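Okay, thanks everyone. Let me put this one up on the screen, and then we'll talk about its pocket and its sheet.

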Amino acid sequence: MIDATLTKTIFINAAPERVWTYLVEPDKLARWFHEADQPLSADTEYALLRENPDKPDPKLIWGRVLLSEPPHRLRYTFTHAFLDGHETIVDWTLEPVFGGTRLTLVHSGFEDFTGDVLDMLTSHDKGWDQHFSRLRVVAS
């Protein structure tokens with residue numbers, strides 16, 4: 001079976017402690033990704049919310065935080081309606097570099113998706129690129 005994992009690395013002109021807050025705090029997540037229903041912390045379920053809260057179900061993305069090691073590593077399950085409940089895994093690694101942060105995302109688990117795997121990979125690849133461009137601006 002072919003591995004279907006997205007790996008992306010960006011550099012942000014801010015310390016890992018600052019970048020970390022943009023991965024786990026609801027109001028800061030909202031500035032570059034989607035607002036969370038609560039802070040992301042170990043062993044908790046989370047939901048990232050739609051921009052239009054008037055929809056019947058405000059959840060856009062949901063899962064469970066599997067690991068939280070501030071400000072170095074965050075890991076959670078990740079699913080949404082287009083994945084039909086199939087859970088993927090998002091791993092974040094933050095490393096201090098030259099006064100800033102190297103942020104690496106590894107988004108895995110697509111290979112077992114029962115739908116069009118390539119479509120899911122390209123859709124998420126494009127989405128992460130768009131979100132990362134905003135994260136660079138707001139976290140710096």
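Quick definition before I start: a pocket here is an open set of grid points where a 1.4 Å probe fits, with protein on both sides within 12 Å along at least five of seven lines, and a lining residue has an atom within 4 Å of a point. And keep in mind that this is a predicted model.

So, which residues lie nearest the centre of the largest pocket? Those are His34, Leu60, Ile61, His80 and His124, out of a lining of 17 residues. Two or more lining residues come from each of strand S3 (59-69), strand S4 (73-80) and helix H3 (117-139). H3 is the top contributor, giving six residues. If you're thinking about chemistry, the lining splits into eight nonpolar, seven polar and two charged residues. The volume comes out at about 390 Å³.

Now the sheet. We've got six strands in an open sheet, ordered S1-S6-S5-S4-S3-S2, with antiparallel pairing. At the edges sit S1 (6-12) and S2 (45-49), each with pairing on one side only. From one strand to the next, the twist averages 25°.

Zooming in on two strands that also line the pocket: S3 and S4 are joined by six bridges, antiparallel again. One bridge to look for puts Glu69 with Arg73 of S4.

What about the helices? H1 (residues 16-24) packs on the sheet and touches S1, S3, S4, S5 (88-97) and S6 (100-108). Its direction makes about 160° with that of S5. H3, our pocket helix, lies across S1, S4, S5 and S6, and runs at about 10° to S1.

Notes. Residues are numbered from 1 along each chain as its sequence is written. This is a predicted model: local features need pLDDT of at least 70, side-chain atom pairs count only at pLDDT 80 or more; totals for chains, interfaces and linings use all residues. Side-chain values use heavy atoms; hydrogens and water are left out. On a 1 Å grid over the protein atoms alone, a cavity is a set of points where a 1.4 Å probe fits but cannot get out, and a pocket is an open set with protein on both sides within 12 Å along at least five of seven lines; lining residues have an atom within 4 Å of a point. Grid points are joined across faces, edges and corners, and a volume is the space filled by probe spheres set on the points. Helices (H or I, at least four residues) and strands (E, at least two) are DSSP runs, numbered from the N terminus. Ala, Val, Leu, Ile, Met, Phe, Trp, Tyr, Cys and Pro count as nonpolar, Asp, Glu, Lys and Arg as charged, and the others, Gly among them, as polar. Two strands pair if DSSP finds at least two bridges between them. Axes are lines fitted to C-alpha atoms, for helices over the stretch in contact, and angles run from 0 to 180 degrees between N-to-C directions. Contact means heavy atoms within 4.5 Å.
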